[in-house]
Amino acid sequence: MSLERIAPALFVLLWSSGWIVPVYAARHSTAETFLSVRFAFAAVCFVILAAVLRAPWQRNPRAIGHAIISGLLMHGIYLGGVWWAIFHGVPASISGVIAALQPLMTAAIAPWMVGERLSPVQIFGLVLGFAGIILALTPTFQRLSPDMFAERLTPVIINIVAMSGAVLGTLYQKRFVTTGDMRTNAVWQYLGALLVVAPLALFGEPPRFDITFELMAALAWSVLVLSMAAVMLLLYLIGKGQVSRAASLIYLMPPTVAIEAFILFGEPLAMTMVIGTIIVVIGVWLAGRRPQTAS
C-alpha cells in the first residue's frame with residue numbers, strides 16, 4: 001500500500017494526539033516555554049536528519065524567507081495560540097471544534113489566493129462536516145455553564161485567532177514554499193515559529209519547565225511524532241493534493257480526539273458523538289472530491 005493512500009488516515013491519527021499532549025504538558029510547564037523547547041529540538045532534529053540523508057539546503061534568500069513566514073504562521077501563531085488556550089482552560093474537545101473552522105476559512109480564501117475553485121458538492125461537504133462536528137460535541141457544550149464560558153472567553157478568542165495562522169500558513173505554503181527539500185525547509189519553518197513563542201516565553205508569564213518523566217514523554221512525542229512525522233505528512237498532503245482537500249481532514253480531529261479521550265481518560269462516548277462522526281466522514285468524503293481549477 002502506497003504512502004499516498006494511507007497518509008490521510010495516518011495524519012489524522014498522529015495529528016489528533018496534538019490535543020491530548022497539552023493536557024499532560026500543562027501539569028509541568030507553561031505553553032510558551034514548552035513550545036520553545038519543542039520547536040528548538042525539532043529544528044535540531046531536522047538539521048541532523050538533513051545531514052544524515054544529505055538533503056539539499058535552500059540557497060535562495062527569498063525562498064528561505066517564505067519558509068520562515070510559513071512556519072511563523074502554521075507553527076508559531078497556530079500552535080502557540082492553541083496550546084496557550086488549552087493550557088488556560090479551553091477543553092480539548094472545544095479546541096477541536098474551533099479547529100474545524102479551518103476548512104471553511106480555507107475554502108473562503110483559497111479561490112483568490114491559490115486559484116482553487118470549489119464545486120457546490122464540495123461546499124456542501126464542508127458545511128455538512130461542520131454540522132456533524134457540532135452534533136458530535138453537543139454534550140460538551142451542554143456541560144458549559146454561562147459563567148464557565150465567560151471565564152474561558154479570552155482563551156477561546158485566542159484559539160479562534162490562532163486558527164487564522166493555520167489557514168494562512170497552509171495557503172502560504174501552497175503558493176510560496178514550492179521549491180526546496182521538505183526536511184531542510186522544516187528547519188527554517190521551526191526557526192520562524194520560534195520568532196513567535198520564544199519572546200512570549202521570555203517576556204510573558206513566568207516560565208516553568210519541570211523535568212519530569214511525563215513532561216519528557218510529552219516533549220519526545222511532540223518533537224518526533226507531531227513536529228516531525230505529522231508535519232511532514234501534512235506538507236506531503238499539501239504537495240500532493242489541493243489545499244482544501246488537505247484542510248478538510250481537520251474535520252476528523254474532534255471525533256478522533258473524543259475516542260482517544262475515551263481510551264485514555266474514560267470519558268463516555270455519547271450516541272450523538274457516534275452519529276456526528278458518521279456525518280463528518282460523509283462530509284469529508286464530499287469535500288475531498290476533486291474540484292475544477294481556475295485557469
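In this predicted model, the buried residues of helix α5 are Ala-92, Ile-94, Ser-95, Gly-96, Val-97, Ile-98 and Ala-99. The helix spans residues 92–99, and because 7 of its 8 residues are buried, the rest of the structure largely encloses it.

One of these residues leads to the nonpolar interior. Val-97 belongs to a core of 9 residues that also includes Ala-136, Ala-258 and Met-273. This core is separate from the largest one, which has 52 residues. Within the largest core, the residues with the most contacts are Trp-15, Trp-19, Phe-39, Tyr-78, Trp-83 and Tyr-190. Helix α12, residues 213–240, makes the greatest contribution to this core, giving 15 residues.

Tyr-78 shows what such contacts look like in detail. Leaving aside residues up to four places away in sequence, Tyr-78 touches Trp-15, Trp-19, Leu-73, Ala-162, Met-163, Gly-165 and Ala-166. Two of these partners, Trp-15 and Trp-19, are themselves listed with Tyr-78 among the residues with the most contacts inside the largest core.

Nonpolar residues also appear on the surface. Val-23, Ile-259, Phe-262, Ile-263, Leu-264, Phe-265 and Leu-269 make a nonpolar patch of about 610 Å². Helix α14, which runs through residues 253–265, gives the most to the patch, with 5 residues. Val-23, by contrast, lies in helix α2, residues 21–25. Its relative accessibility is 31%, so Val-23 counts as partly exposed.

Charged side chains complete the picture, for the structure holds 3 salt bridges. In one of them, the side chains of Arg-27 and Glu-214 meet at 3.0 Å, N to O. Arg-27 lies in the loop between α2 and α3, whereas Glu-214 lies in helix α12; the pair therefore ties together parts that are 187 residues apart in sequence. Arg-27 is partly exposed, with a relative accessible area of 45%, and Glu-214 is partly exposed as well, at 26%.

Another salt bridge joins the side chains of Asp-181 and Arg-183, at 2.6 Å from N to O. Here the two partners fall into separate classes of exposure, since the limit for a buried residue is under 20% relative accessible area. Asp-181, at 14%, is therefore buried, while Arg-183, at 22%, is partly exposed.

Arg-208 forms a salt bridge with Asp-210, and their closest N and O atoms are 3.1 Å apart. Arg-208 is partly exposed, with a relative accessible area of 32%, and Asp-210 is also partly exposed, at 33%.

Technical notes:
Residues numbered from 1 in each chain as written. Predicted model: local features only at pLDDT ≥ 70, side-chain atom pairs only at ≥ 80, totals over all residues. Heavy atoms only, no water. Buried < 20%, exposed > 50% of the residue type's maximum accessible area, 1.4 Å probe, protein only. Helix = DSSP H or I, 4+ residues; strand = E, 2+ residues; numbered from the N terminus. Core = buried A, V, L, I, M, F, W, Y, C linked by side-chain atoms within 4.5 Å. Contact = heavy atoms within 4.5 Å. Patch = residues over 30% accessible without salt bridge, like charges linked within 9 Å, V, L, I, M, F, W, Y side chains within 5 Å. Areas by Shrake-Rupley, 256 points an atom, 1.4 Å probe, with all protein chains shown as cover. Salt bridge = Lys/Arg side-chain N within 4 Å of Asp/Glu carboxyl O.
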